[in-house]
Amino acid sequence: MIEIISIGALATVQDLGRTGALKWGVGTAGAMDAMALASGNILLGNDVNAAGIEIQVFPFQARLVEDCTFAITGADCEARLDSLPLPPWWVCQAEAGQTLELGLPRHGLWPACRAYMCLDGGIEVPAVLGSRSTQLRGAFGGLDGRTLQNGDRLGTGATNGVAGVAGFGLVPPALEMPLVVDGLPAVRVLPAAEYACYTPEAQAAFWGQAWRITPQSNRYGYRLEGPRLDPIAPMELRSHGIVPGVIQVPPDGQPIVQMRDAQPSGGYPKIGTVIEADLWRLGQAPIGSRIRFVETNWDEAVAAFEQNESWLAEARRLVALHRMRVGSR
Amino acid sequence: MPFDHIAELSAWLREAGIDEFELIGPSMRLRLDIGSDQGGVAEIGRAAEQPAEIIAAPTFGVFLHRHPMSNAPLAPEGSQVQAGQVVGLLRIGPLLVPVTSPKEGVITVILAAHEATVGYGSELIAFQPHES
């Protein structure tokens, strides 16, 4: 059990997402940086899909109401347990009454903007349509379908029984699997249905120029700023199904990337889709930063997904070995 | 260490352009100051009032002076550390295992290089505990 004592806006309970419900018009939600949430759960020995807290406005303070083991991943927020500084991407044991505090994200060697707090056993909120993620648009899932507030108390599921060994960490996958073009963080993109309807100049700019993440960016979508993307001829489409990662271009020529809380349908033309395996990279890109798009294909997109999975599997294997070695002393 | 190696050590340091060399072991301390005004000084002495301690590697791995996300060293030479504080890290693939200070004290010398591959029990850090 933890109690939120200081929280900014927009912190939510998230797992890896409510997949399989788009057919009922229910968006996926889920952690913006799925790799960070999964890593926090691996540090604790939880199922990778256990629910944690996604924090995107700082500072954040939580009082640990009971003895517990927790993990902090995502942006490096100079975490402190009472006065003791904790390294980033770390699992830690705490005693009842201690306070965890996260400060402003440090943009040292990995500019990131969202932190994750995971707890032994996962955060216990009812699963709705197979997921504990907060679905803000529908006001269900998570804690009462809403963002967290001061005074909220969150319980945990049954301990997984191995988190007694704590005090170690992981290297963030962003540093292990960097993707950078001309010094800017990049994400891989598949050309989408209307890609061929854009002028050659627009296509070249899409791949060749930097895109700034504007302040009108959030869990629903990122509005980007850059060269104007013009179609060869104006397009009018009927609304159709869309998924997180789809890059739409409204008539102003400035692209919008759909993110985790995207609605499940839209009518703007689609120039590309950020591959699922790179959505976590985009999910950490801070407002005001610039990114690049890299053209990819189906096979590379599948390989990138498999690379993420094997990174997580290796992390889980090494964490289990470490627990066994330390636990047997 | 026999005293007759000091001349040889000094020559190596001069060749490498290193002005100062300090080695602190559990019971002795050697300091060579080649760049000093006196034209080179060698000091050999008892380490200190309190015996220095060595922090050894708790496992094999790649020894890191700083966290991979940060440019700042966790515990540079001369820094005061608390008992249980993380003063270095051992990296094994994506896993980071802490090297912790056993007591409150001062980091005197970091013996292993940043990103050096070290084995279990390798001497990583010389550490001067505070008098308790």
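This report describes the sheets, one helix packing arrangement, the salt bridges and the cavity of a predicted model.

## Basis of the model

In this predicted model, local features require pLDDT of at least 70 and side-chain atom pairs count only at pLDDT 80 or more, while totals for chains, interfaces and linings use all residues; side-chain values use heavy atoms, with hydrogens and water left out. Residues are numbered from 1 along each chain as its sequence is written, and chains are lettered from A and ligands numbered from 1 in the order in which they are written.

## Sheets of chains A and B

Helices (H or I, at least four residues) and strands (E, at least two) are DSSP runs numbered from the N terminus. Two strands are taken as paired if DSSP finds at least two bridges between them. Strands of a sheet pair through backbone hydrogen bonds, either parallel or antiparallel.

In chain A, an open antiparallel sheet comprises six strands in the order S7-S6-S9-S4-S1-S11. Its edges are strand S7 (84-85) and strand S11 (153-154) of chain A, each of which pairs on one side only. Within this order, strand S4 (residues 60-64) and strand S9 (residues 99-102) of chain A are joined by four bridges in the antiparallel sense. A:Gln61 has A:Glu101 in S9(A) as its bridge partner.

Chain B has an open sheet of four strands, ordered S4-S11-S9-S6, again with antiparallel pairing. Strand S4 (53-56) and strand S6 (80-81) of chain B are the edge strands, and each pairs on one side only. S6(B) is joined by two bridges to strand S9 (residues 105-110) of chain B, and the two run antiparallel. B:Val81 has B:Gly105 in S9(B) as its bridge partner.

## Strand S15 and helix H3 of chain A

Strand S15 (residues 211-217) of chain A has two antiparallel pairings described here. With strand S22 (residues 290-295) of chain A, S15(A) shares two bridges, and A:Arg212 stands opposite A:Arg290 in S22(A). With strand S16 (residues 221-225) of chain A, S15(A) shares three bridges, and A:Ile213 is partnered by A:Leu224 in S16(A). S15(A) and S16(A) form a hairpin with three residues between them.

Helix H3 (residues 200-208) of chain A has buried residues A:Ala202, A:Gln203, A:Ala205, A:Phe206 and A:Trp207. Buried denotes under 20% relative accessible area, exposed over 50%, and partly exposed the range in between (1.4 Å probe, protein chains only). The buried residues of H3(A) pack against strand S14 (184-191), S15, strand S18 (246-248), strand S21 (270-274) and S22 of chain A; contact here means heavy atoms within 4.5 Å.

## Salt bridges

A search of the whole structure yields 19 salt bridges over all chains, each defined by a side-chain nitrogen of Lys or Arg within 4 Å of a carboxyl oxygen of Asp or Glu. One of them joins A:Arg188 and A:Asp278 at 2.8 Å, N to O. A:Arg188 belongs to strand S14 of chain A and A:Asp278 to the loop between S21 and helix H4 (279-283) of chain A, so the pair ties together parts 90 residues apart in sequence. Both A:Arg188 and A:Asp278 are buried.

The hairpin strands also carry a salt bridge, between A:Arg212 and A:Glu225 (3.1 Å, N to O). A:Arg212 lies in strand S15 of chain A and A:Glu225 in strand S16 of chain A, so this pair ties together parts that are 13 residues apart in sequence. A:Arg212 is partly exposed at 28% relative accessibility, as is A:Glu225 with a relative accessible area of 40%.

In A:Arg317 and A:Glu314, the closest N and O atoms of the salt bridge are 3.0 Å apart. Both residues lie in helix H5 (residues 298-327) of chain A, three residues apart, about one turn of the helix. A:Arg317 is partly exposed at 45% relative accessible area, and A:Glu314 is partly exposed at 30%. Elsewhere, a network of salt bridges links A:Glu54, A:Arg114, A:Arg219 and A:Asp261.

## Cavity

One cavity of 30 Å³ or more is found in the whole structure. A cavity is a set of points, on a 1 Å grid over the protein atoms alone, where a 1.4 Å probe fits but cannot get out; lining residues have an atom within 4 Å of a point. Grid points are joined across faces, edges and corners, and the volume is the space filled by probe spheres set on the points.

The largest cavity holds about 40 Å³ of space. Its lining consists of A:Ile72, A:Thr73, A:Gly74, A:Ala75, A:Asp76, A:Cys77, A:Glu78, A:Ala79, A:Leu86, A:Pro87, A:Pro88 and A:Trp89. By class, eight of the lining residues are nonpolar, two polar and two charged. In this classification, Ala, Val, Leu, Ile, Met, Phe, Trp, Tyr, Cys and Pro count as nonpolar, Asp, Glu, Lys and Arg as charged, and the others, Gly among them, as polar.

Key
1 Å grid on protein atoms, 1.4 Å probe; cavity = no way out; pocket = protein on both sides within 12 Å on 5 of 7 lines; lining within 4 Å.
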